[in-house]
Every structure is written in C-alpha cells, then in structure tokens.
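Grab a pencil and work through a few exercises on the structure below. Each one comes with a solution you can check step by step.

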Amino acid sequence: MKRPPHVVLWKFCLCFGVVVLAPAAASASADSWPSKPIRFIVPYAPGGLPDTVARTLSQELTQRLGKSVVVDNRPGANGVVAAQALKSSSADGYTFLVTDGSMMSINPAIYKNLSYDPDRDFVPVVLAARSPLFLAVNARVPASSLQAFIGLAKSKPGALNYGSSGIGSTHHLSMEAMKSSLKLDIKHVPFRGSGQSVPALIGDQVQVVFAALPSLSGFVKSGQVKILGTNSLRRSKLAPEIPAISEVIPGYDFAVTVGVLAATGTPPAIVEKMANAVTEAVRRPEVISQFHTAGIEPVGGPSSDYSKAIRDEAARYAETIKTAHVVAE
C-alpha cells in the first residue's frame, strides 16, 4: 500500500536528522576534550623505550591538558595484549597506544596470524620520538671507523660475530640490512635484550652490536668500546660526530620510532588535538633534555607525517626480513 506523502517526508527528515546530528555530536565531543583522564597503553613492561616516552609525555600532558594522563603497561604476546586492550576500548579519544614501530612494521612481516591489523585497527596520531641505535665494536677489533670496519668484515668473512636483542628485533634487522647491502658475512648471536648483548660485547663473546647510546656511553669512556656509526637516516644530535650508516648505504634508516596511535573510529578532531599537544610537549626544553639523557630524539608533527613514516618503515623492514629469511622464534 502506498504511504501518504507526509509519512515518507517525516521518515526522510528523521533519517537526515540522524546523519546531520552524528557529526555535530562528534564535534561537540571534540570541543570538550579532554573532560576525563586519558590512558596511554604501553605494550611492554616499565623501563623500556616506549614506557620512557609515555611516562615523560604523561607528566607534560597532564599539566598541558588539565586532565590526568596515566600509563597502563600491558606487556605480552608481541604487543597483542596491548592491541586488544586498545581495540576493546571506546574510540572516544581517551585511550591511546604508545609503542615502538615493531608493532606496525616488524610484527606484520614476521607473524602470519596476528590478531590485529595495523591498517584496520589503528589510527596514527603522532610520531613522538626516535631513538637511534649505534654500531659499536669491542676495543680489540682493529677498526676505528665505519669504513675500516666494513673493510675488515669484507677481508675476513665469517670471522666476526654480532649480538642482537633477539631475532626480529630492530638491532637484528639493522645489521641484516647492513650485511645485505654491503655483502658482509657476520654471524648472528641473538640475546634477550641489550642487557645481555652489550655485556657480551664487553666480554668479547661477540665483536659487534647495535645498541642505544646510554647502554654504550660508559664503556666508550672507559675505552672498552668504539662507536662507529648510527642507524638513523642522518647523524644524530645525540652524537653528531658519529657518521650515519646512510652515508655509506643511501636511504638506510632503522632508528627505533615511538608513536601514539588511537583506535579506529576516534574523532579526527581529537586525533589532531592530541597530535598538536604531543608535538608541543616534545619541543619543550625540559622534555628534550629528558629525552636526550635517555638516548631519545623528539619528533612531533601532524598525523599524516606519522602515517607516511609507518608505511616507509614497514617497507624497509619487510624487504630486510625477506632478504635475510628471518623467521619468528
């Protein structure tokens, strides 16, 4: 039976009103944000790089935003526990994930059955910081420059061992990318973190490692270690005298990145507000000083910059993982 015109018009207006009101509600929510505490989920135990960034930001943002920003450590299953925590939260701009790039770029290339999809489940908010790793050799290694080390490795294939923080770690893949590009034969000895690999370097169990500057600086001062290069695209402000490996391998860039992500569906206006707040925070002298002490470089910027950084990083790691035939433990 044909419906009267006024009924059809009423239903149209009702539907149209819902469509119009939804963006208006989101806008109102963004205007009042934040109106309650904010949670930063970290996929690792306290004390690591993402945790350090999250806690530094939480202190600064609590003052800046006028609401508490709390850190919630959710370690386990290569980031899966933290990913599930974010996915199960409301996409209202009050829960964020603070993580290194491995969850976005390394895990998807190594693990076949991840329970999260970086593109589907997360929205990049802001690239907060980078932490370059430094190529270091035991003082007994007869090379005091990056070029000399490359020459030594080429002249003695298989004679050198390098330690990493584990299979699939940034430390591991940084060296594998270098080996592949320069046709080097250096044997891999995986450890459980820099807390094991750096002492192994000092004890001459391995001759080479990639590690963060704070893990190495004391041994450099004591003459036990020589730093030859950094895995960032450009020389680090933390040690500008150290050459970037990209000066030998164009485009080489494996510095650890730490960013803030939101759940898919988070209002874009809130994403932009958080990106701006973090960018302002990491550019404050006090935060820069804290970061530098921990071997971290501040970044900041719009969410579009972070989106591009994730895509580029994922492509570099995927190529290295494929070339090196890296298989998850």
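Keep in mind that this is a predicted model.

**Exercise 1.** Find the strand that holds Thr 95, then decide: is Thr 95 buried or exposed?

*Solution.*
- Start with the location: Thr 95 sits in strand β3, which covers residues 95-100.
- Next, take the relative accessibility, which is 10% for Thr 95. Buried means under 20%, so Thr 95 counts as buried.
- Finally, look around it. Setting aside neighbours within four places in sequence, Thr 95 has contacts with Arg 39, Ile 41, Leu 86, Ser 89 and Ala 262.

**Exercise 2.** Staying with strand β3, work out what kind of aromatic pair Phe 96 makes with Phe 40.

*Solution.*
- The structure has 4 aromatic pairs in total.
- For Phe 40 and Phe 96, the ring centres are 6.2 Å apart and the planes are at 85°. Planes over 60 degrees apart count as edge-to-face, and that is the label for Phe 40 and Phe 96.
- Now place the partners: Phe 40 belongs to strand β1 (residues 38-42) and Phe 96 to strand β3, so the pair ties together parts 56 residues apart in sequence.
- Check burial too: Phe 40 is buried at 0% relative accessibility, and Phe 96 is buried with a relative accessible area of 0%.
- Elsewhere, Tyr 252, Phe 254 and Tyr 317 make up one aromatic cluster.

**Exercise 3.** Describe how helix α7 and helix α12 are arranged.

*Solution.*
- What do you need? Two packed helices are described by the angle between their axes and the distance between the axes.
- Here, the axes of α7 (residues 170-182) and α12 (residues 303-324) come within 9 Å and cross at roughly 70°. That makes α7 roughly perpendicular to α12.
- Then list who meets whom: Thr 170, Leu 173, Glu 176, Ala 177 and Ser 180 on the α7 side meet Tyr 317, Thr 320, Ile 321, Thr 323 and Ala 324 on the α12 side.
- Sorted by type, the residues of this contact give 5 nonpolar, 4 polar and 1 charged.

**Exercise 4.** Work out which strands stand at the edges of the sheet β7-β6-β8-β5-β9.

*Solution.*
- Read the order: this is an open sheet of 5 strands with mixed pairing.
- β7 (187-190) and β9 (225-230) each have a single partner strand, so they stand at the edges, with one side of each left without a neighbour in the sheet.
- From one strand to the next, the twist averages 35°.
- Zoom in on one pairing: β6 (residues 161-164) and β8 (residues 208-212) run in the parallel sense, paired over 2 bridges. Tyr 162 is opposite Val 208 in β8.
- Last, add the helix: α9 (residues 213-221) packs on the sheet and touches β5 (133-138), β8 and β9, with its direction at about 120° to that of β8.

**Exercise 5.** Which residues does Thr 279 touch, and which does Arg 283 contact?

*Solution.*
- Locate them: Thr 279 is in helix α10 (residues 268-282), while Arg 283 is in the loop between α10 and α11 (285-293).
- Not counting residues up to four places away in sequence, Thr 279 touches Val 126, Gly 300 and Gly 301.
- With neighbours within four places left aside, Arg 283 contacts Ile 288, Val 299, Gly 300 and Gly 301.
- Thr 279 also counts as buried, at 10% relative accessibility.

Terms used: Residues are numbered from 1 along each chain as its sequence is written. This is a predicted model: local features need pLDDT of at least 70, side-chain atom pairs count only at pLDDT 80 or more; totals for chains, interfaces and linings use all residues. Side-chain values use heavy atoms; hydrogens and water are left out. Helices (H or I, at least four residues) and strands (E, at least two) are DSSP runs, numbered from the N terminus. Buried means under 20% relative accessible area, exposed over 50%, partly exposed in between (1.4 Å probe, protein chains only). Contact means heavy atoms within 4.5 Å. Axes are lines fitted to C-alpha atoms, for helices over the stretch in contact, and angles run from 0 to 180 degrees between N-to-C directions. Angles under 35 degrees count as roughly parallel, over 145 as roughly antiparallel, 65 to 115 as roughly perpendicular and the rest as oblique. Ala, Val, Leu, Ile, Met, Phe, Trp, Tyr, Cys and Pro count as nonpolar, Asp, Glu, Lys and Arg as charged, and the others, Gly among them, as polar. Two strands pair if DSSP finds at least two bridges between them. Rings of Phe, Tyr and Trp (its six-membered ring) pair if their centres lie within 6.5 Å; planes under 30 degrees apart count as stacked, over 60 as edge-to-face and the rest as tilted.
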